[in-house]
Amino acid sequence: MKLGLIVNPIAGMGGRVGLKGTDGPEMLKKAIELGAKPWAEDRAVDALKALLPIRDSLTIYTYPHKMGENAAKRAGFNPEVLGSVGEETTAEDTVRAAEDMRRVGVDILLFVGGDGTARDVCRAIGTSLVTLGIPAGVKVYSSVFSASPKAGGELALKFLRGEVSEVIEAEVLDIDEDSFREGRLSVKLYGYLKIPYDSNYIPGGKVPSSHSESYDREAIAAELLEVMERDVIYLIGPGSTTKEVMKALSLDFSPLGVDAILNGELIGKDLNERQIIELISGRKAKVVVTPIGGQGYVFGRGNQQISPEVLRRVGKGNIIIVATRGKLESLRGRPLLVDTGDEALDVELSGYYKVITGYREYTVYKVVPASTLES
Amino acid sequence: MGVVKVRRGFHEARWEEPIIFELSNEGERGILIPLDDKIRREVGDVLSSIPEHMRRKDPPKLPEVSQMRVLKHYLRLSQETLGADLNIDIGQGTCTMKYSPKVNERFVAMVRELHPYQDEETVQGALEIMYKLDLFLREISGLDRFSFQPGGGSQAIFAMASIIRAYHKKRGEERDEIITTIFSHPSDAAAPAVKGFKVITIYPDPETGIPDVEALKAAVSKRTAGMIVANPEDTGIFNPRIKEFCDIVHEAGGLCGYDQANANGIMGIVRAKECGFDMGFFNLHKTFSSPHGCGGPAVGALGVRRELENFLPVPVVDYDPERKAYYLNYDLPDTIGKVREFYGVFPVVVRAYAWIMALGEEGLKEVARVAVLNNNYVMHRILREVRGADISYPANKRRIEQVRYSLKKLKDETGVGAEDVIRRMADFGFHLWTSHHPWIIPEPLTIEPTESYSKEELDEYIEALKEVVGEAYEEPETVINAPHRSVIHKIEDNSWFSDPKKWSITWRLFLKKHGGKL
């Protein structure tokens, strides 16, 4: 069995010193000046220790020194070290490492870091390998991370042993660090990674294993197809749950963007706000969205193309929210959130929605403006 | 005062008994039937009476095992259970595990030989018992007519969904949505779905755990066929606005069905009628003394208001004052037909009848009061003495007959979660159930003490729970790797239950999926 390991040695260093991320050399320098210490390696060791039971049959492929070699040795493994790195590692090292892991053909790739690291891995290999994020970053908005390093190691062990076989596409999200430091939150959906899925090990996903996440997504698409009306434009927002309907219709789609369907045909792909408005002008349109990330945002995270103006034109009654049962249960009763950037609209959009949760299954769920939670 | 003991030396039987199919030897038989020529001549060619196309080509692949081996096999398995008569079974929350008086089995033995096709004249006593049990349940619920045909709670829910369908059809209305709540039993959603309804689920208020009335208002429409809910719900929380809920559904044109599986704490105190329900069912198993069947013989006694009487499954038992005789009445003009053969599992009906006769009105109320008292006693002690435990929706401390607890704090502080505690409790001789759907409550644990257990027994359970939680803080690995003294070790590989490629519910399917090899 082959396991790939990539440690982003600087991940998480900004957090303790209040810097909200270490993307870019300037911020890293600032973090070190403020006394930040690397902790990603410790997190990697915690994760790897869970894999000791299969040490003899497992080969760990990793990058030199701080990028994984040290952690693997500390955890008690003799890793195969690939590539070379300089004194300071960069995002490009992560990308190269991930590409090397794909060439080796590892069974699973563990990467230790935050949303930035997940983006780099996603950029390099997309969904060509099964991966799993070990959380060590300041920002961990993406759904690709395990609940803790130990949980990540245990999940990897189960996957390698064949005890967990469900693999799902999970969202890679990241906030724009510049605007985040200025106090604005702008979360974008950057892509998807394939992860092994077991609700016991993925945060907020603690749901009984009798229903599978991938089955629920298909069931939601089946219901959506059944309730779709003729001559109405359906704007399909980003998210793997919403895009399942595109797959069901065998349509091309943009995984991260907004696509438009009319009578079962694709009439617009990866639309921006202006294109959406032009398209729906004078037409009846409905918006299909799913909460993105773990916090339950329906609007304002990863789907900013569906702007306040678009929503005003579409109308509250034409918003269709879809979410798997696991997703709703993971909110532990907390409401879904809207943060369109237009507070009056957020208030207007709040209320109860009949969320599609399966085939002929709905859940009435409350939506509130995100600002009411912050205050 | 009796002894309160923590059974640290407990060890359950561990037989490592193979599956019965694995014990099979070709040609081995329980009984060797003497087949001499005389018998062969008398009987003739039996198979020829079965049409050619209906005869199977290969004999069924049944296990071939001798009598004594079969006996040992099942005795061993029986030693590897923690049944209701063996342990303090309060950890099987939502299942109402209580004492079923053994004297009732003597009555059951008396009716065991009855045949469902016997002439009415020969079973007047049996029909009278059914008729009178119907009258008792009318008093307890305020509803007007009962059928004992459904073979369990889920089948009774299915029957309610069938009545809702037939009612709207008769009125010429197209309604296809059933509303339920997330903490009602999952069958309240599943059975209507099987019937073809769309299911709309409501979440509770996140503070109080009480179903959100505003969510209900958003859920009802001209598509609403009805609502099917439990109350109290599986959290032990009673919805005090249930009448308002029913009114809202009625105003929208829907019917209201009551899942009274959790009736043990409100029996004789709250009635379906006054809550506004049009129909409902009691589980005669669980609540009225028959052992909880877990899929075995049970009765979901289904009651309806006068206006829905004609929709009940047939037959119902009636009394003809002219003939002075009880009879089976098949003549209900709007009947949904049958949801099961015959009239109900009669031994279960007999036990319920005997149990009610023994207790009387005051006795039934006493059952409910003691069940509530026991539950609140256990909750009081757990909240004060069991470290890391809390109740779900702690802002609302009012619980009826059971409590869904949360061990989130324990998990955060020790890494030991609810599933670990559940497995470790088996090492002390206790069954603690794993099913607490949905997992909105983190690290859930549901305990339902019922009225049957003494204070000492409740104390024993709590002491064991404290012992396990103490271990979680001192030596967490012991709990995480439990059980150590039970019939089997911890099963790490959950995929046997979650992976469609691996799971198998029959031996044949197992062989098919796994090539005959384990």
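A salt bridge here is a side-chain nitrogen of Lys or Arg within 4 Å of a carboxyl oxygen of Asp or Glu. Counted that way, chain A and chain B share two salt bridges in this predicted model. One of them links the side chains of Lys354(A) and Glu177(B), with 3.7 Å from N to O. As for the rest of the contact, chain A puts in 24 residues and chain B puts in 30 residues. Interface size is often quoted as the accessible area that is lost when the parts come together. For chain A and chain B, the buried area comes to about 2400 Å², and carbon and sulfur atoms supply 51% of that.

Turning to chain A itself, one open sheet has five strands in the order β3-β2-β1-β4-β5, with parallel pairing. The edges belong to β3 (80–81) and β5 of chain A; each has a single partner strand, so one side of each lacks a neighbour in the sheet. Further in, strand β1 (residues 2–7) of chain A runs parallel to β4(A), and five bridges hold the pair together. Within that pairing, Leu5(A) sits opposite Leu110(A). On to the next pair: β4(A) and strand β5 (residues 131–135) of chain A are also parallel and are joined by five bridges. Here Leu109(A) faces Thr131(A), and Gly113(A) stands opposite Pro135(A).

Strand β4 deserves a paragraph of its own. Six of the six residues of β4 (residues 108–113) of chain A are buried, so the strand is largely enclosed by the rest of the structure. The cut-off for "buried" is under 20% relative accessible area. Both faces of β4(A) are covered. One side carries Ile108(A), Leu110(A) and Val112(A), the other carries Leu109(A), Phe111(A) and Gly113(A), and all of these are buried. Leu110(A), from the first of those groups, is the residue opposite Leu5(A) in β1(A), while Leu109(A) and Gly113(A), from the second, are opposite residues of β5(A).

What about the helices around this sheet? Helix α5 (residues 91–104) of chain A lies across β1, β2 (59–62) and β4 of chain A, and its direction is at about 180 degrees to β1(A). Helix α6 (residues 115–125) of chain A forms a right-handed β-α-β unit together with β4(A) and β5(A). The same α6(A) lies across β4 and β5 of chain A, at about 145 degrees to β4(A).

Chain A has another open sheet of five strands, in the order β10-β9-β8-β11-β13, and this one has mixed pairing. Its edge strands are β10 (265–271) and β13 (319–321) of chain A, each paired on one side only. On average, neighbouring strands in this sheet are turned by 20 degrees against each other, ignoring direction. Strand β8 (residues 233–236) and strand β9 (residues 258–262) of chain A form an antiparallel pair with four bridges, in which Tyr234(A) stands opposite Ile261(A). Helix α11 (residues 273–280) of chain A packs on the sheet and touches β8, β9, β10 and β11 (285–289) of chain A. The direction of α11(A) makes about 150 degrees with that of β10(A).

That leaves a handful of backbone oddities. Most residues other than glycine have a negative phi, and most peptide bonds are trans. Where does the backbone depart from this? In chain B, a cis peptide bond joins Asn231(B) to Pro232(B), with omega at about 0 degrees. Pro232(B) belongs to the loop between β4 (224–230) and α8 (242–251) of chain B. Another cis bond joins Ala482(B) to Pro483(B), again with omega of about 0 degrees; Pro483(B) lies in the loop between α15 (476–480) and α16 (495–498) of chain B.

On the phi side, Arg360(A) is not a glycine, yet its phi is positive at about 60 degrees. Arg360(A) is located in the loop between β15 (351–358) and β16 (361–369) of chain A. Tyr393(B) also has a positive phi, near 50 degrees, and sits in the loop between β10 (390–391) and β11 (403–406) of chain B. With a relative accessible area of 10%, Tyr393(B) counts as buried.

Terms used:
Residues numbered from 1 in each chain as written. Chains lettered and ligands numbered in written order. Predicted model: local features only at pLDDT ≥ 70, side-chain atom pairs only at ≥ 80, totals over all residues. Heavy atoms only, no water. Buried < 20%, exposed > 50% of the residue type's maximum accessible area, 1.4 Å probe, protein only. Helix = DSSP H or I, 4+ residues; strand = E, 2+ residues; numbered from the N terminus. Pairing = 2+ DSSP bridges. Right-handed = clockwise from strand over helix to strand, strands pointing away. Axes fitted to C-alpha atoms, helices over the stretch in contact; angles between N-to-C directions. Contact = heavy atoms within 4.5 Å. Buried area = accessible area lost by both parts, 1.4 Å probe.
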